Amino acid sequence: MRGFDGAKKVKGRKRHWLVDTQGRVLKVKVLPANLSDAQGGRVVLPAAWAIFKRLSHLFIDGGYKRQFADGVKQTLGWTVQVMRRPEANFRGIWLPMPPDLIEELGQKTRGRRSFVVIPRRWVVERTFAWLSFNRRLKRDYEFLPETTETFIYVAMIRLMVRRLAS
C-alpha cells in the first residue's frame, strides 16, 4: 500500500494526523502517498467523529480544498478554519520604478518571501518534532500501515507518561 505524490515528490505513505490544541495525537491514519490531503482527511475525520463526540471546531492546513471544508461542515457539523500563509498563491509583483521605490513598496506588499508563523500550524509541526525522536518513526520501515499507526500511538503514550513522571 504505497503510492507517489507528484506535488510533494513523496514516495511511499503519508501520515494524516488529528491533534488537539496542545499537539497530542487524537487520531492518525497512514495512507498511500498518491491520495490527496482532502481524501486522507475524509478517512480520518469520520473515524475521529465516532470517538470524539464533543469535538466541534477544526483548524485545517491550506492544502485542503474548500470542498473538503464545506463537506466537514455539512456532514459532521463542525466549524472549520483554514490556516493559510499570508502570501499563499502570490508570486510577486512587477514594478517598473526606481530601486528605492521598489524596496519600499515591496515591504508594504505581500510579495515578500520570508518566514511567517502561521497560527495553529506550529501545533502539528511540534508534534512531528516530538515523534521524530523515535527511530522507528523517522522513516517508513514497516510493512503494514497499521503497524506505523500503532508505533505513533505508542510513541505518544511514551511521551505523555514521561511528562507525567517528571
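**Local contacts and the largest pocket in a predicted model**

The side chain of D20 comes within 3.0 Å of the backbone nitrogen of G23. This value, like those that follow, was computed from a predicted model. D20 is located in the loop that connects strand 2 and strand 3. Its relative accessibility is 19%, and D20 is therefore classed as buried, since the term applies to values under 20%. When residues up to four places away in sequence are set aside, D20 touches L26 and V123.

The chain as a whole contains six helices and five strands. In sequence order, these elements follow the pattern β-β-β-α-β-α-β-α-α-α-α. Of the 166 residues in the chain, 31% are buried. The accessible surface amounts to about 11,500 Å², and carbon and sulfur atoms account for 57% of this area. Contacts between residues at least 6 apart in sequence were also examined; 50% of them join residues at least 24 apart.

The largest pocket was considered next. Its volume is about 1,100 Å³. The pocket is lined by 42 residues, of which R15, W17, Y64, V124 and F128 are the closest to its centre. At least two lining residues are supplied by each of strand 2 (10-19), strand 3 (25-32), helix 1 (37-51), strand 4 (57-61), helix 4 (121-131) and helix 5 (135-138). Strand 2 provides the largest share of the lining, with 10 residues. By residue class, the lining consists of 21 nonpolar, seven polar and 14 charged residues.

Two further positions involve strand 3 or the loop that follows it. L35 occupies the loop between strand 3 and helix 1. With a relative accessibility of 26%, L35 is counted as partly exposed, because this class covers values between the limits of 20% and 50%. The C-alpha atoms of L35 and K14 are separated by 8.3 Å in space, although the two residues are 21 residues apart in sequence. E149, in turn, belongs to helix 6 (residues 145-165). The relative accessible area of E149 is 10%, and this residue is therefore buried. Apart from residues up to four places away in sequence, E149 touches V28, K29 and V30; strand 3 spans residues 25-32.

W78 is placed in the loop between helix 2 (66-75) and strand 5 (79-83). Because its relative accessible area is 3%, W78 is classed as buried. With residues up to four places away in sequence excluded, W78 touches L45, W49, L55, S56, L58, V72 and K73. One of these residues, L55, is also reached through its backbone oxygen, which lies 2.8 Å from the side chain of W78. A further pairing is that of W78 with H57: the two are 21 residues apart in sequence, and the distance between their C-alpha atoms is 5.3 Å.

Within helix 2 itself, A69 was examined. A relative accessible area of 6% means that A69 is buried. Outside the range of four places in sequence, A69 is in contact with I60 and V80. Of these, I60 falls within the span of strand 4 (57-61), and V80 falls within the span of strand 5 (79-83). A69 and L58 are 11 residues apart in sequence, with a C-alpha to C-alpha distance of 9.2 Å.

The last position described is I118, in the loop between helix 3 (99-108) and helix 4. I118 has a relative accessibility of 16% and so counts as buried. I118 and R84 are 34 residues apart in sequence, and their C-alpha atoms are 7.0 Å apart in space.

Notes. Residues are numbered from 1 along each chain as its sequence is written. This is a predicted model: local features need pLDDT of at least 70, side-chain atom pairs count only at pLDDT 80 or more; totals for chains, interfaces and linings use all residues. Side-chain values use heavy atoms; hydrogens and water are left out. On a 1 Å grid over the protein atoms alone, a cavity is a set of points where a 1.4 Å probe fits but cannot get out, and a pocket is an open set with protein on both sides within 12 Å along at least five of seven lines; lining residues have an atom within 4 Å of a point. Grid points are joined across faces, edges and corners, and a volume is the space filled by probe spheres set on the points. Helices (H or I, at least four residues) and strands (E, at least two) are DSSP runs, numbered from the N terminus. Ala, Val, Leu, Ile, Met, Phe, Trp, Tyr, Cys and Pro count as nonpolar, Asp, Glu, Lys and Arg as charged, and the others, Gly among them, as polar. Buried means under 20% relative accessible area, exposed over 50%, partly exposed in between (1.4 Å probe, protein chains only). A polar contact is a pair of N or O atoms within 3.5 Å; within protein, one must be able to donate a hydrogen and the other to accept it, and residues adjacent in sequence count only if both atoms are side-chain atoms. Contact means heavy atoms within 4.5 Å. Accessible areas come from the Shrake-Rupley method with a 1.4 Å probe; for residues, only the protein chains shown count as cover.
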